Amino acid sequence: MKKMKKIKKRINVDGVIRIVLTGIAVIAQLILLILILTYMKQSAVLLYFLLEMLSLAGALILAVKNEIQAYTVPWLIIIFMLPVFGFLLYLLWGRTGMHGRKSRRMRDILAQSGQWLKPDESVLAHLEHSHPAVRTMPRYIEREGFPLYKNTDCRYYELGEMQFEQMLTDLEDAEKFIFLEYFIVAQGKLWERVHEVLRRKAAEGVDVRLFFDDMGSLLVFPSKVYRQLKAENIKVRRFNPVHKNISRFYINYRNHQKIVVIDGNIGY
């Protein structure tokens, strides 16, 4: 019982408020859509019929152009079950951010980063010759903009406890920068240890950056900690805040990466 009380105290009240406000805004959008469609159905049968035809055309375009079945099939079911309402839902929440196609801004960023990522065909050829069973994976990774390198070392940790101990040691040795990207950042013993290292390194002049998913950390990472990190010269950002751009509320557009990069030499 005491343990449950401690857990309850750690729930981020600010996060709960933001979830409630976001939920109210989403429900309000749904109610508005229902009212509009009800009015159209009663007073403009022809317009409603045209929208149904538009929904059918949109569903066909979605089926033909989108290559991700896990994304396409659920939207097609919604559109066919609720022709007009489902199509408007798709226009509102499904059209951007969940496609396999990269936006122009993302393409520009990848093009700029490409100047530092130089592929070496000889490395790839050597791997394909020595390990032909895995040749498709490095080819795919290179096509996505991540070249293959040699003279690197990889260590596998069976448990997170083992990895984090070594990671804390490497964080202590950072001289240039520390980049962290996580889906969930939560208060606790591990975060307290990591935070202490990040705070000291930022004070020493190391470039410290933390990027985390807002939805994943919503109830376990209070806004006061967020503000504290900024005051400590740590560059911290939330990915896709749930309370912003509610007109395009991306439930599945989240940042699930768990990455740490230290000085460009060590990565987790």
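Me: Before we look at helix H10, what do buried and exposed mean here?
Reply: Buried means under 20% relative accessible area, exposed means over 50%, and partly exposed is in between, with a 1.4 Å probe and protein chains only. This is a predicted model, in which local features need pLDDT of at least 70 and side-chain atom pairs count only at pLDDT 80 or more, while totals for chains, interfaces and linings use all residues. Residues are numbered from 1 along each chain as its sequence is written, and side-chain values use heavy atoms, with hydrogens and water left out.

Me: OK, which residues of H10 are exposed?
Reply: Lys189, Glu192 and Ala203 are exposed, on the other side of H10 from its buried residues, which are Trp191, Val194, His195, Val197, Leu198, Lys201 and Ala202. Seen down the helix axis, those buried residues fall within an arc of 165 degrees (taken from the directions from the axis to the C-beta atoms), so they line one face of H10.

Me: And what do the buried ones pack against?
Reply: They pack against helix H9 (160-172), strand E1 (177-182), strand E2 (207-213) and helix H12 (223-231), where contact means heavy atoms within 4.5 Å. Helices (H or I, at least four residues) and strands (E, at least two) are DSSP runs, numbered from the N terminus.

Me: Which residues have the most contacts inside the largest nonpolar core?
Reply: They are Leu171, Ile178, Trp191, Leu198, Leu210 and Phe221, in a core of 25 residues; such a core is a set of buried Ala, Val, Leu, Ile, Met, Phe, Trp, Tyr and Cys residues joined through side-chain atoms within 4.5 Å. At least two residues of this core come from each of H9, E1, H10, E2, H12 and strand E4 (259-262), and H10 supplies the largest share, five residues.

Me: What does Ile178 touch?
Reply: Leaving aside residues up to four places away in sequence, Ile178 touches Leu171, Leu198, Lys201, Val206, Asp207, Val208, Arg209 and Val261.

Me: Switching to backbone: where is Asn151, and what is its phi?
Reply: Asn151 sits in the loop between helix H8 (136-143) and H9, and it has a positive phi of about 60 degrees although it is not a glycine. Most residues other than glycine have a negative phi. Asn151 is exposed, with a relative accessible area of 77%.

Me: And Asn233, buried or exposed?
Reply: Asn233 counts as exposed, at 54% relative accessibility. Asn233 lies in the loop between H12 and strand E3 (235-239), and its phi is positive, near 70 degrees.
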